[in-house]
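Dear colleague,

I am handing over the structure we spoke about, and below it you will find my notes on its cysteines. Please read them with the model open beside you.

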Amino acid sequence: MGGLPTENTSSTLALIGSQQNHGSTVNKPGTDTKPKKKICCACPETKKLRDECIVEHGEEACAKWIEAHRKCLRSEGFNV
């Protein structure tokens with residue numbers, strides 16, 4: 001009769017569940033992390049392409065590059 005105890009199983013699982021929930025609120029990875037760079041120094045490749053396009057073709061024609069630069073900035077932690 002080497003089975004698992006059935007009496008305390010639900011209370012044990014409840015205890016484990018409450019410990020996991022408690023730990024997750026304390027150790028939650030932050031989405032509000034500060035950017036590691038200044039915004040002017042982040043994403044130089046997309047910034048260059050965006051700026052060149054705007055100078056040559058105007059802002060209206062460069063929505064693709066503008067959005068690519070914004071996406072890159074967001075990935076670096078900036079709220080744009």
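In these notes a residue is called buried when its relative accessible area is under 20%, exposed when that value is over 50%, and partly exposed in between. Please keep in mind throughout that this is a predicted model.

Taking a disulfide to be a pair of cysteine sulfur atoms within 2.5 Å, the count comes to two, and, with bonded cysteines counted along the chain, their pattern is 1-4, 2-3.

One disulfide is formed by Cys 43 and Cys 72, whose sulfur atoms lie 2.0 Å apart. This pair links distant parts of the chain, since Cys 43 sits in the loop between α1 (9–26) and α2 (44–57), while Cys 72 belongs to helix α3 (residues 63–75), 29 residues apart. The torsion about the S-S bond of Cys 43 and Cys 72 is about -95°, and the disulfide is therefore left-handed. Cys 43 has a relative accessibility of 3%, so it counts as buried.

The other disulfide joins Cys 53 to Cys 62, with an S to S distance of 1.9 Å; this link is left-handed, with -90° about its S-S bond, and both Cys 53 and Cys 62 are buried.

What of Cys 40 and Cys 41? The closest cysteine sulfur to that of Cys 40 is in Cys 41, at 3.6 Å, which is too far for a bond, because a disulfide requires the sulfur atoms to be within 2.5 Å. Cys 40 is partly exposed at 48% relative accessibility, and Cys 41 is partly exposed with a relative accessible area of 47%.

With best wishes

How values were computed: Residues are numbered from 1 along each chain as its sequence is written. This is a predicted model: local features need pLDDT of at least 70, side-chain atom pairs count only at pLDDT 80 or more; totals for chains, interfaces and linings use all residues. Side-chain values use heavy atoms; hydrogens and water are left out. Helices (H or I, at least four residues) and strands (E, at least two) are DSSP runs, numbered from the N terminus. Buried means under 20% relative accessible area, exposed over 50%, partly exposed in between (1.4 Å probe, protein chains only).
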